[in-house]
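Look at the sequence and the 3D structure below. This report walks through charged pairs, one helix and one strand residue.

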Amino acid sequence: MINIIGVRFKKIGKLYYFDPCDMQVKLGDHVIVETARGAEYGEVVLANTEVEDDNVVQPLKKVIRVATKNDDEVMQENERHAREAFDICKRKIAEHKLDMHLVTVECTFDLNKILFYFTADGRVDFRDLVKDLAGVFRTRIELRQIGVRDEAKMLGGLGACGRELCCSSYLEDFQPVSINMAKEQNLSLNPAKISGTCGRLMCCLKYEHEVYSELQKVTPRVGSYVETPLGCGMVVSVQMLRGQCRVQLDDDPENMQIIPCVDCRTLRAAKGRGKPMSARPGAHESAPASDTPRAAAGDCRTSDAPAGDRPARPPHEKRERRDDRPARPAPAPAPAARAAEETTDAAAVEGGEGENKPRRRSRRGGRRRHKHPEDEGALQPATSEE
């Protein structure tokens, strides 16, 4: 077990754990603690507590001392110095004509560093601005670009509900919010109604997301065809939190009935398709069955005779070629190709050395195919031994 305390450096910020070093502090006291930025002034929000060693990240920073009256005065002086730095930085931004919006300024307890928080649409080259600010304040300068949600958290304000913004009142971290959460809660998808002061989706959409996700599993969707104790009908609207749905029954379409969702069984969830035969009104009044058996799927020929009297066509039967049909003549060779063949054959007959002569190319650019050796020998003239 290890003894820790919880400290916050902002009104609504992250909670950091420190080692009290055998000091007993009370809730609401101010302490001077050691941080990575140096000595910092914070408020105790969690008194001395014993926790397991695995529940905290070690090694823990230590508490230097409990804040005194002199420390409180130094903190007030630092806040006044931060307000002056804010005005000077805004003037320097206008001089350098930078596209950035300064949000707030913070000073460390020992004035070892001054932090400037700003928002911008893209990347900003503020190197010259840092040089000017360092020359004015004679200390370390750090500029941090933040998002619009962090800006709303720092500045505060009122939401659409009339209450203080959740991020500036009690939310420690921002939770991811998507447009699907608004769809599942049947809210209007108008951006003006589901967006907060920061311009992003309201954080409160996350609060009831898990409840609506569970209710959707047992609630029929609007437009689905359901079976109820009063009959079958179409779901017109649903009230997930009350567990009720308004159904337009097929037997009485003029009067809408409010029925509990647990008593509804979905027959057709997809909207726009036809109703199942078992759920359609009058489905029991089917057409009289015919005495004539249905024709086979493979027999598509039309005939006046009943389907049972026609001989079945054997499977994989191929239609034979009619003998009286004349055969298609072979295509005649092109004039150029025919002339090239005659020239080559004549050279082979006259000289007997046609096979050693270079072959002529056709007009198509391709090389003429080599003749069979037996055909070339047959074209050579016979020689006598006289």
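Asp71 is buried, at 5% relative accessible area. Here buried means under 20% relative accessible area, exposed means over 50%, and partly exposed lies in between (1.4 Å probe, protein chains only). Asp71 forms a salt bridge with Arg65, and their closest N and O atoms are 3.0 Å apart. Arg65 is partly exposed, with a relative accessible area of 33%. A salt bridge puts a side-chain nitrogen of Lys or Arg within 4 Å of a carboxyl oxygen of Asp or Glu. Side chains of opposite charge can pair when their charged atoms come close.

This is a predicted model: local features need pLDDT of at least 70, side-chain atom pairs count only at pLDDT 80 or more, and totals for chains, interfaces and linings use all residues. Residues are numbered from 1 along each chain as its sequence is written, and side-chain values use heavy atoms, with hydrogens and water left out.

How many salt bridges does the structure hold? There are twelve. Three of them are listed here.

| Salt bridge | Closest N to O |
|---|---|
| Arg65 and Asp71 | 3.0 Å |
| Lys113 and Glu142 | 3.2 Å |
| Glu142 and Arg144 | 2.6 Å |

Take the pair of Lys113 and Glu142. Lys113 lies in strand 7 and Glu142 in strand 8 (residues 140-145), so the pair ties together parts that are 29 residues apart in sequence. Helices (H or I, at least four residues) and strands (E, at least two) are DSSP runs, numbered from the N terminus. Lys113 is buried, at 11% relative accessibility. Glu142 is partly exposed at 22%. Glu142 also forms a salt bridge with Arg144, and Arg144 is partly exposed at 33% relative accessibility. Elsewhere, Glu77, Arg80 and Glu84 are joined into one network by salt bridges that share partners.

Now turn to helix 3. This helix covers residues 148-155, and Arg149, Glu151, Ala152 and Lys153 are buried in it. What do these buried residues pack against? They pack against strand 6 (101-107), strand 7 (113-119) and helix 4 (166-169). Gly156 follows helix 3, and its phi is positive, near 80°.

Strand 7 also holds Thr119. Thr119 counts as buried, at 11% relative accessibility. Leaving aside residues up to four places away in sequence, Thr119 touches Met100, His101, Val103, Ile146, Gly147 and Glu151. A contact means heavy atoms within 4.5 Å. One of these partners, Glu151, is a buried residue of helix 3.
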